[in-house]
Amino acid sequence: GVLIQKYLLNPLLTVDSILPENQVLMTVGIGMVLTEIIRFMFHSDYKSVKTSYSSSAFYLGGISFNLPMVVAFGIALLLTAILFFFLLKTDLGKSVRATAQNRDAALLMGINAEWITVLTYGLGASLAAASGALLLPIYYLFPDIGGPFTLKAFVITILGGLGSTVGA
C-alpha cells in the first residue's frame, strides 16, 4: 500500500489537471489490474479456508451465533478502537487529521504532508488486509470478491460522513 501511494498516487498530486479526482481514478484502475493479475495467477476458482472454528457456533439463550463472525466482529471492534484512539490522542494521529482537513494549512504548520499521506495509505491497506484475513473463514475467496465490500464501504462512508470517524 505504501509503495502504491508513494510511486503511483503521490505523483498525481503535483499534476495540474481538469479532473481533480485523478487519485480516485488511479485507485480504481489499480484495483482492476490487481484483480486481473490474481485471476491470471489463481484462475477464477472459488477457494475456502477452513479453521478449527470455521463451522463452530454457540448459543446464547435461544439464539445461535456463528463463531467466525463473532471473532471477526470482536477483532474489528478492537482495531476500530485502536484507530480511534490513534487519530484522537496521538500527535501523529492529529497530524493525519490536520492533513486530511487542510493539506496546505498542515504544510504551513510544519507537518510533512507527503509522508503523512503515505502513512495513511499504508495504514488503510493494512486494515484492509486485516479485514480480509478476518473474513476469510466466513466467505469464499475469488478475484472479484472485493466489489461488494467496496460498494458497502462506499455507502457507509457517504452516509456516515466523509470526515467523520464516529459516523462511519
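**Exercise 1. Find which residues of α4 and α6 meet.**

Solution. Start with α4: Leu92, Ser95, Val96 and Thr99 meet residues of α6. On the α6 side, the partners are Ala113, Trp115, Ile116, Thr117, Leu119 and Thr120. Contact here means heavy atoms within 4.5 Å. Next, sort by class: six residues are nonpolar, four are polar and none is charged. Ala, Val, Leu, Ile, Met, Phe, Trp, Tyr, Cys and Pro count as nonpolar; Asp, Glu, Lys and Arg count as charged; the others, Gly among them, are polar.

The model is predicted: local features need pLDDT of at least 70, side-chain atom pairs count only at pLDDT 80 or more, and totals for chains, interfaces and linings use all residues. Residues are numbered from 1 along each chain as its sequence is written, and side-chain values use heavy atoms, leaving out hydrogens and water.

**Exercise 2. Describe how α4 lies against α6 and α3.**

Solution. Take α4 (residues 91-101) and α6 (residues 113-135): their axes come within 10 Å and cross at roughly 100 degrees. So α4 is roughly perpendicular to α6, a label for angles of 65 to 115 degrees. Axes are lines fitted to C-alpha atoms, for helices over the stretch in contact, and angles run from 0 to 180 degrees between N-to-C directions. Now take α3 (residues 67-89): it packs on α4 at about 80 degrees, with the axes 5 Å apart. Therefore α3 and α4 are also roughly perpendicular to each other. Residues in this contact include Phe86 and Leu87 of α3 and Leu92 and Val96 of α4. By class, it has five nonpolar, one polar and four charged residues.

**Exercise 3. Count the helices and strands, and give their order.**

Solution. The protein chain has seven helices and two strands. Helices (H or I, at least four residues) and strands (E, at least two) are DSSP runs, numbered from the N terminus. Along the sequence the pattern is α-α-β-β-α-α-α-α-α.

**Exercise 4. Locate a salt bridge in α2.**

Solution. A salt bridge is a side-chain nitrogen of Lys or Arg within 4 Å of a carboxyl oxygen of Asp or Glu. The count is two. One of them joins glutamate 36 and arginine 39, with the closest N and O atoms 3.1 Å apart. These two residues are about one helical turn apart, because they lie three residues apart in helix α2.

**Exercise 5. Give the sign of phi at histidine 43.**

Solution. Histidine 43 is in the loop between α2 and β1 (57-60). Its phi is near 65 degrees, a positive value in a residue other than glycine. Most residues other than glycine have a negative phi.

Key: Angles under 35 degrees count as roughly parallel, over 145 as roughly antiparallel, 65 to 115 as roughly perpendicular and the rest as oblique.
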